[in-house]
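Hi,

Here is the structure I promised to pass on. Have a look at it first, and then read my notes underneath.

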Amino acid sequence: MSRSVELIVEGYVRLNDRDALHDILTHRQDLLRQLVSVTGVDPRQAIAQVNEEITIIEAGLATLAPK
């Protein structure tokens with residue numbers, strides 16, 4: 001999935017769409033909070049994946065010029 005997120009982030013960076021990047025970052029952060037509170041299953045792999053995606057999104061946001 002991370003390659004998919006990379007491609008999405010690259011597209012939003014090309015479009016200079018900070019709002020869309022912020023929206024997907026917020027979504028991933030919410031997802032991470034939910035995964036941390038999961039019981040009954042081992043969410044470590046999903047948490048690692050979401051953390052990786054957050055890193056990719058933040059890197060994309062960092063390449064955009066400040067508003």
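Below is what I found, starting with the salt bridges and ending with the packing of two helices.

Please keep in mind that this is a predicted model. The structure holds 5 salt bridges, and I will go through some of them here.

Let me begin with the pair I liked best. The side chains of Arg 28 and Glu 53 form a salt bridge, with N and O 2.5 Å apart. This pair links distant parts of the chain: Arg 28 belongs to helix α2 (residues 18-36) and Glu 53 to helix α3 (residues 44-63), 25 residues apart. Are these two partners buried or exposed? Glu 53 counts as buried because its relative accessibility is 3%, under the 20% cut-off. Arg 28 also falls under that cut-off, at 15%, and so it counts as buried too.

What else does Arg 28 touch? Leaving aside residues up to four places away in sequence, its contacts are Val 5, Val 50, Glu 53, Ile 54 and Ile 57.

Another salt bridge joins Asp 42 and Arg 44, whose closest N and O atoms lie 2.6 Å apart. Here Asp 42 is partly exposed, at 49% relative accessible area, while Arg 44 counts as exposed, at 61%.

Towards the start of the numbering, Arg 3, Glu 6 and Glu 10 are linked in a network of salt bridges. Within this network, the side chains of Arg 3 and Glu 10 meet at 3.8 Å, N to O. Arg 3 is partly exposed, with 48% relative accessibility, and Glu 10 is partly exposed as well, with 35%.

Now to the helix packing. The axes of α1 (residues 2-14) and α2 come within 9 Å of each other and cross at roughly 150°. Why does this pair count as roughly antiparallel? The crossing angle is over 145 degrees, so α1 runs roughly antiparallel to α2.

Which residues make the contact? From α1 come Val 5, Ile 8, Val 9, Tyr 12 and Val 13, and they meet Ala 20, Leu 21, Ile 24 and Arg 28 of α2. By type, the residues of this contact divide into 8 nonpolar, no polar and 1 charged. Arg 28 thus turns up in both parts of these notes: it takes part in the contact of α1 with α2, and it forms the salt bridge with Glu 53.

Happy to talk it over whenever suits you.

Best wishes

Notes. Residues are numbered from 1 along each chain as its sequence is written. This is a predicted model: local features need pLDDT of at least 70, side-chain atom pairs count only at pLDDT 80 or more; totals for chains, interfaces and linings use all residues. Side-chain values use heavy atoms; hydrogens and water are left out. A salt bridge is a side-chain nitrogen of Lys or Arg within 4 Å of a carboxyl oxygen of Asp or Glu. Buried means under 20% relative accessible area, exposed over 50%, partly exposed in between (1.4 Å probe, protein chains only). Helices (H or I, at least four residues) and strands (E, at least two) are DSSP runs, numbered from the N terminus. Contact means heavy atoms within 4.5 Å. Axes are lines fitted to C-alpha atoms, for helices over the stretch in contact, and angles run from 0 to 180 degrees between N-to-C directions. Angles under 35 degrees count as roughly parallel, over 145 as roughly antiparallel, 65 to 115 as roughly perpendicular and the rest as oblique. Ala, Val, Leu, Ile, Met, Phe, Trp, Tyr, Cys and Pro count as nonpolar, Asp, Glu, Lys and Arg as charged, and the others, Gly among them, as polar.
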